[in-house]
Amino acid sequence: MSNANTAALAMRQVERLVKGQATSDGDGVKLTRVLTQDLQQRLDPFLMLDNFASDNPDDYIGGFPNHPHRGFETVTYMIAGRMRHRDSAGHEGLLQNGGVQWMTAGFGLTHSELPEQEEGLMEGFQLWLNLPARDKLCQPGYRDIQSQDIPEWTAPGVTVRVIAGSTQGVNGAVLRDAQTHPTQALMLDVHLAPGASFEHALPAAHNAFVFVYRGQALVGHSTVPRSHMAILSNSGSAVRLQATGEAVRALLIAGAPLREPIVQYGPFVMNTREELMTAVEDFSNGKMG
Ligand code: MN
């Protein structure tokens with residue numbers, strides 16, 4: 001289905017396809033790092049995207065034991081499986097099928113993310129969203145969003161789960177004011193039946209990418225295979241996804257760039273080396289709980 005509102009808009013095209021890198025993190029969790037450190041400037045304000053998907057418990061059973069974060073937000077989207085979150089700010093939640101956890105690390109906290117299953121499929125994503133310099137040391141925050149609380153926009157052959165931002169007049173589970181949250185993050189999970197398409201208007205200045213996790217999608221004029229990220233060019237005012245063959249599921253993620261220096265040391269992302277050293281010090285002095 002084509003939406004009349006965007007029919008006259010110039011479509012953004014695919015600038016580059018990225019396959020991601022197989023790696024492991026936490027206690028031996030096997031995952032694909034799709035958005036790697038070398039793409040942080042290009043995809044500002046996004047710092048990382050991991051995709052984990054395995055039905056072999058050896059690949060995930062260790063989970064992510066206690067570790068700190070400072071300076072950004074982590075957004076975890078579980079497609080399948082169950083993971084228990086606990087953090088030093090006193091938040092606890094169970095992440096499961098179709099739910100989202102939106103954690104603002106800000107000043108810093110320590111948390112663990114551990115599987116609550118011993119077998120079966122564990123599949124999901126973790127996205128890191130940067131905070132502007134002025135908010136990097138803000139008070140930590142946490143939101144547990146159950147699957148049924150994620151608004152959806154539907155049309156024949158199309159279901160769009162609106163995790164953050166808004167589309168087609170549907171406000172997402174996370175929708176924040178541009179004054180307080182200048183990155184204006186958009187995160188859509190787009191499900192297309194064979195032949196169906198979806199268009200979304202997007203400011204050209206916003207960096208954007210699509211990650212296809214089922215089927216293969218036509219994005220602009222380019223075919224994007226399963227398990228690939230398509231970085232979108234910054235010209236055009238909308239993006240169009242189409243399922244030409246089998247059914248498609250894809251994440252569409254976009255945001256306004258912060259245009260600030262990005263320095264990362266493991267779980268800390270700040271603007272300067274000095275701030276990183278302070279983060280390491282504060283963590284070792286127990287200031288992150
Ligand atoms: Mn973490």
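Visitor: Is glycine 220 buried or exposed?
Guide: This is a predicted model, and glycine 220 sits in the loop between strand E20 (217–219) and strand E21 (222–224). Buried means under 20% relative accessible area. Glycine 220 has a relative accessible area of 15%, so the residue counts as buried.

Visitor: Which residues does glycine 220 touch, not counting residues up to four places away in sequence?
Guide: Aspartate 144 is 76 residues from glycine 220 in sequence, and their C-alpha atoms are 34 Å apart. With residues up to four places away left out, the residues that glycine 220 touches are Arg12, Gln13 and Arg240.

Visitor: Which residues coordinate the manganese ion?
Guide: The donor residues are spaced H-x1-H-x41-H in sequence. Each donor atom is an NE2, at 2.1 to 2.2 Å from the ion. The residues are His67, His69 and His111.

Visitor: What is the relative accessibility of histidine 69, and is the residue buried or exposed?
Guide: The cut-off for buried is under 20%. Histidine 67, at 18%, counts as buried. Histidine 69 also falls under the cut-off, so it counts as buried, with a relative accessibility of 3%.

Visitor: How many of the residues of E9 are buried?
Guide: Val100, Trp102 and Thr104 point one way from E9, while Gln101 and Met103 point the other way. Both sets are buried. The strand is therefore largely enclosed by the rest of the structure, and the count of buried residues is five of the five.

Visitor: Which strand pairs with E9 such that tyrosine 142 is the bridge partner of methionine 103?
Guide: E9 pairs with strand E6 (residues 72–80) in the antiparallel sense over five bridges, and tyrosine 77 stands opposite valine 100 in E9. Five bridges also join E9 to strand E12 (residues 141–145), again running antiparallel. The bridge partner of methionine 103, tyrosine 142, is in E12.

Visitor: Which side chain makes a polar contact of 2.7 Å with the side chain of glutamine 101?
Guide: Glutamine 101 is found in strand E9 (residues 100–104) and, at 0% relative accessibility, counts as buried. Leaving aside neighbours within four places in sequence, its contacts include Thr74, Leu95, Tyr142 and His85. The side chain in the polar contact is that of histidine 85.

Visitor: Which backbone nitrogen does the side chain of asparagine 97 reach at 3.0 Å?
Guide: Asparagine 97 is in the loop between strand E8 (92–96) and E9. Methionine 78 is 19 residues away along the chain, yet the two C-alpha atoms are separated by 5.5 Å. Residues touched by asparagine 97, not counting those up to four places away in sequence, include Met78, Ile79 and Gly81. The nitrogen reached is that of glycine 81.

Visitor: How far apart are the end C-alpha atoms of helix H1?
Guide: Helix H1 covers residues 273–284, which is 12 residues. At 1.5 Å a residue, the helix should span 16 Å. The distance in the model agrees with this, at 17 Å.

Visitor: Which strands do the buried residues of H1 pack against?
Guide: Leu276, Ala279 and Asp282 are buried in H1. They cover an arc of only 125° around the axis, which puts them on the same side of H1. On the other side, Arg273, Glu274, Met277 and Ser284 are exposed. The buried residues pack against strand E25 (263–265) and strand E26 (268–270).

Visitor: Which residue just after H1 takes a positive phi?
Guide: The phi in question is about 75°. The residue is glycine 286.

Visitor: What is the omega of the cis peptide bond that joins aspartate 44 and proline 45?
Guide: Proline 45 lies in the loop between strand E3 (29–35) and strand E4 (46–54). The bond joining aspartate 44 to this proline is cis, with omega of about 15°.

Visitor: What is the relative accessible area of serine 227?
Guide: Serine 227 is in the loop between E21 and strand E22 (228–232), and has a positive phi near 65° although the residue is other than glycine. Buried means under 20% and exposed over 50%. Serine 227 falls in between and is therefore partly exposed, at 27%.

Notes:
Residues are numbered from 1 along each chain as its sequence is written. This is a predicted model: local features need pLDDT of at least 70, side-chain atom pairs count only at pLDDT 80 or more; totals for chains, interfaces and linings use all residues. Side-chain values use heavy atoms; hydrogens and water are left out. Donors are N, O and S atoms within 2.8 Å of the metal (3.2 Å for Na, K and Ca); water is not among the atoms, so sites may look incomplete. Buried means under 20% relative accessible area, exposed over 50%, partly exposed in between (1.4 Å probe, protein chains only). Helices (H or I, at least four residues) and strands (E, at least two) are DSSP runs, numbered from the N terminus. A polar contact is a pair of N or O atoms within 3.5 Å; within protein, one must be able to donate a hydrogen and the other to accept it, and residues adjacent in sequence count only if both atoms are side-chain atoms. Contact means heavy atoms within 4.5 Å. The expected span of a helix is 1.5 Å times one less than its number of residues. The arc is that of the directions from the helix axis to the C-beta atoms. Two strands pair if DSSP finds at least two bridges between them.
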